[in-house]
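Trainee: Please take a close look at one part of this structure for me. Start with a loop that has an unusual backbone, and then place it among other parts worth checking.

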Amino acid sequence: MNRILIAEDEERIASFVEKGLRANGFNTTVASDGDTALDYASTGAFDLVVLDIGLPGRDGFTVLRALRETRVTVPVIVLTARDSVRDTVAGLEGGADDWMTKPFRFEELLARVRLRLRTAARAPEVTVLRCGDDLSLDLRTRRARAGTALVDLSAREFVLLELFLRHPGQVLSREQILSHVWGYDFDPGSNIVDVYVRALRKKLGAHRVETVRGMGYRLPHPT
Ligand code: CA
């Protein structure tokens with residue numbers, strides 16, 4: 001299992017990233033200041049670091065420089081505020097593997113995390129997710145198969161179905177779905193999850209996604 005260090009002092013963002021990564025099978029640790037981040041990242045115990053630039057104590061630039069100076073090669077994805085992108089890019093000096101501007105959607109971060117880990121490990125990747133014999137999702141073509149029908153999905157529908165397929169039989173709350181598919185910037189009172197579940201049902205068949213009253217939605221296990 002991959003271990004990811006999240007160096008982020010804003011609690012809301014740290015927990016948003018942590019929950020999402022855990023739901024996707026990663027082990028996570030949060031460091032909320034630069035010195036702790038550097039200590040943890042230097043241990044060699046992590047496969048990837050998500051590093052905020054605006055950290056108390058040492059900022060992200062200093063942490064990154066210190067890591068690279070001591071030949072710590074762990075992949076680093078930098079998080080930065082949109083209005084300081086130019087400074088960030090200049091400040092990275094090739095030390096970061098990737099960077100993202102805040103606010104960001106979780107699916108975007110997840111894609112980059114996976115990409116960096118894959119590049120680092122050259123591990124064989126799962127390209128088709130399945131539930132039973134008659135529902136599958138090809139992660140490369142982004143097409144689903146339901147029974148004998150091939151189904152094209154919108155970007156959000158794809159992420160939503162991927163989430164369900166990675167957690168078959170498990171009840172996912174609206175909040176979990178919202179934060180995974182839409183990100184922490186989305187209004188929690190929104191009914192967008194219901195709208196998209198309806199859209200998935202229309203494309204895949206109404207029985208594919210169950211409503212669990214008062215709790216959320218579930219992809220039923222095949223019997
Ligand atoms: Ca910060």
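Mentor: Start with the vocabulary. Helices and strands are DSSP runs, numbered from the N terminus: a helix (H or I) has at least four residues, a strand (E) at least two. Keep in mind that this is a predicted model.

Now the loop. Arg142 sits between strand 7 (135-138) and strand 8 (143-146). Its phi is positive, about 60°, although Arg142 is not a glycine. Most residues other than glycine have a negative phi, and most peptide bonds are trans. Check the surface next. The relative accessible area of Arg142 is 40%. Buried would need under 20% and exposed over 50%, so Arg142 counts as partly exposed.

Another loop departs from the general pattern in its peptide bond. Lys102 is joined to Pro103 by a cis peptide bond, with omega near -5°. Pro103 belongs to the loop between strand 5 (98-102) and helix 5 (106-121).

A positive phi also turns up after a helix. Gly205 follows helix 8, and its phi is near 115°. Look back along that helix. Helix 8 covers residues 192-204, and its 13 residues should span 18 Å at 1.5 Å a residue; the end C-alpha atoms are 18 Å apart, so the two agree. Its buried residues are Val193, Asp194, Val197, Leu200, Arg201 and Leu204. They cover an arc of only 120° around the axis, so they lie on the same side of helix 8. An α-helix has 3.6 residues a turn, so residues three or four places apart point the same way. Arg198 and Lys202 are exposed, on the face turned away from the buried side.

Helix 6 (residues 155-166) holds Glu157. Glu157 is buried, at 7% relative accessible area. Its side chain reaches the backbone nitrogen of Ser154 at 2.9 Å.

Next, the strands. Strand 1 (residues 3-7) has four of its five residues buried, so the rest of the structure largely encloses it. Strand 1 pairs with strand 2 (residues 27-31) in the parallel sense, over five bridges. Ile6 stands opposite Val30 there. With helix 1 (residues 11-23) included, strand 1 and strand 2 make a right-handed β-α-β unit. Strand 1 also runs parallel to strand 3 (residues 48-52), joined by four bridges. In that pairing, Ala7 faces Leu51.

Strand 3 leads to the metal. Asp9 (OD), Asp52 (OD) and Gly54 (O) coordinate the calcium ion at 2.2 to 2.4 Å. The spacing of these donor residues in sequence is D-x42-D-x1-G. Asp52 is buried at 4% relative accessible area, whereas Gly54 is partly exposed at 47%.

Finish with an antiparallel sheet. It is open, has three strands, and follows the order 10-12-11. Strand 10 (171-172) and strand 11 (210-212) stand at the edges with a single partner strand each, so one side of each has no neighbour in the sheet. Strand 11 pairs with strand 12 (residues 216-218) over three bridges. Thr211 has Tyr217 as its bridge partner in strand 12.

Notes
Residues numbered from 1 in each chain as written. Predicted model: local features only at pLDDT ≥ 70, side-chain atom pairs only at ≥ 80, totals over all residues. Heavy atoms only, no water. Buried < 20%, exposed > 50% of the residue type's maximum accessible area, 1.4 Å probe, protein only. Pairing = 2+ DSSP bridges. Right-handed = clockwise from strand over helix to strand, strands pointing away. Donors = N, O, S within 2.8 Å, 3.2 Å for Na, K, Ca; no water. Expected span 1.5 Å × (residues − 1). Arc of directions from axis to C-beta. Polar contact = N/O pair within 3.5 Å; in protein donor to acceptor, adjacent residues only side chain to side chain.
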